[in-house]
Amino acid sequence: MSNTYQATENLPVELQDLISSFCSFDTLRNLAGVSKTFQAVAEQRLYASIAIRTYERKESVLTMIAACASRASYVKSLKTDYHCLEPSLVGDLIRALPYMKNLKELRIRLGRSLGNHHTAMLDDVLSGTHFNLNVLFVEDHLDLRRIVEAQKYLGFLGVYETYTSAYQDSSSSSPLSALSSLQNRCLPVVGLGTRGNVRGYGRVTLLPGLLSLEQAQSLDELVRHHFHIGENRKCSPGSDPEWVTTVVVHLPAAVDQDVFEAFGESVCRAFPNTSEVELVMKCGLVRVLSPLSPTWATCHEC
């Protein structure tokens, strides 16, 4: 073993991490095979952010993570968009999640891959104390009320409408149901619906949990920051905000007219091709704004 190699291995962890930050993905993979020391350094970066999509065929990563708890602990962001994942791999994913103690962002959409058994398992994991999520995007057949109660540090919740259900206020899997668990928490919720747009998510339901004029004016920045846009739009068109045509905003309490206007303008900036924006009050008031004619029409008063 050369003196240079020994000196490099004996560097403080902070310096090893700094060096690895300049390495490409392929270099990190090679570095992981040099020694156990460099394997740990490289894998912390290799597994920090994982994206698994149907068209990329990277599902083997799930098996690798499930086989090693230390690898799972390196994951901070996990995005899984896979509609035909084998049951064994779904099981690998769910079994690996409890070991992802540093996980902060989770976006999981499995469609028909997620049966009743795995749905119950995923509910249990997300409602546990394994990690503290900041951002969560899940499908609407999960128990959102239970998950929101457990994830105390959640700052943004996204809900994918699936083929099995439509949003109903009384359902525990409805984006609206999540609000019943918030109490004094301010949690923005966005529901993504495909109804009326076969290309992707053409209908968006927003539950901003925001009341001030300043917050209403910056709603577009918050939504676009968390709204997932694939690097290749041809492969991931369903999550493109430019395809959204209808936006429904549910407000928890009465707000002033200027806040109403600010919400509408902010939403139109976030989703530039929207043709209709509805603001729905808890008391029953509904106001509709068309970008072509920027005036509010009150459909029903309290």
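**Close-up 1. Phe137, Phe156 and Tyr160 make up one aromatic cluster.** This is a predicted model, so everything shown in these views comes from a prediction. Searching the whole structure turns up two aromatic pairs. Take Phe137 and Phe156 to begin with: their rings are stacked, at 5.9 Å centre to centre with 25 degrees between the planes. Since planes under 30 degrees apart count as stacked, that label fits. Phe137 belongs to strand β4 (residues 135-139) and Phe156 to strand β5 (residues 156-160), so this pair ties together parts 19 residues apart in sequence. Phe137 has a relative accessibility of 1% and counts as buried; Phe156, at 2%, counts as buried too.

**Close-up 2. The pair formed by Phe137 and Tyr160 is tilted.** Here the ring centres are 5.9 Å apart and the planes sit at 45 degrees, which is why the pair goes down as tilted. With Phe137 in strand β4 and Tyr160 in strand β5, the pair ties together parts that are 23 residues apart in sequence. Both Phe137 and Tyr160 are buried.

**Close-up 3. Two arginines lie over rings of the cluster, Arg107 over Phe137 and Arg109 over Tyr160.** Look for the charged end of Arg107, which is 4.3 Å from the centre of the Phe137 ring. Then find Arg109 over the face of Tyr160, where the distance to the ring centre is 4.9 Å.

**Close-up 4. One face of helix α8 is lined with buried residues.** Helix α8 covers residues 116-126, and its buried residues are His118, Thr119, Leu122, Asp123, Val125 and Leu126. Looking down the helix axis, you'd see these buried residues fall within an arc of 165 degrees, so they line one face. The general rule helps here: an α-helix has 3.6 residues a turn, so residues three or four places apart point the same way. What do the buried residues of α8 pack against? Their partners are α7 (87-96), β3 (105-109), β4 and α9 (144-150). Turn to the face away from the buried side and you'll meet Asn116 and His117, which are exposed.

**Close-up 5. Strand β8 is mostly covered, and it pairs with β7 and with β9.** Strand β8 runs over residues 246-251, and five of its six residues are buried. On the β7 side (residues 203-207), four bridges make the join, and β7 and β8 run parallel. Leu206 has Val249 of β8 as its bridge partner. Strand β9 (residues 276-281) is joined to β8 by six bridges, and these strands also run parallel. In that pairing, Val248 stands opposite Glu278 of β9. As a rule of thumb, side chains in a regular strand alternate between the two faces of the sheet.

**Close-up 6. Asp220 reaches Arg269 through a polar contact between their side chains.** Asp220 sits in helix α12, which spans residues 219-226. Is Asp220 buried or exposed? Its relative accessible area is 11%, and Asp220 is buried, because buried means under 20%. The polar contact that joins the side chains of Asp220 and Arg269 is 3.1 Å. Leaving aside residues up to four places away in sequence, Asp220 touches Ser266, Arg269 and Ala270. Arg269 therefore turns up twice in this view, as a residue Asp220 touches and as its polar partner.

Notes:
Residues numbered from 1 in each chain as written. Predicted model: local features only at pLDDT ≥ 70, side-chain atom pairs only at ≥ 80, totals over all residues. Heavy atoms only, no water. Phe/Tyr/Trp six-rings, centres within 6.5 Å; stacked < 30°, edge-to-face > 60°. Helix = DSSP H or I, 4+ residues; strand = E, 2+ residues; numbered from the N terminus. Buried < 20%, exposed > 50% of the residue type's maximum accessible area, 1.4 Å probe, protein only. Lys NZ or Arg CZ within 6 Å of the ring centre and 35° of its normal. Pairing = 2+ DSSP bridges. Polar contact = N/O pair within 3.5 Å; in protein donor to acceptor, adjacent residues only side chain to side chain. Contact = heavy atoms within 4.5 Å. Arc of directions from axis to C-beta.
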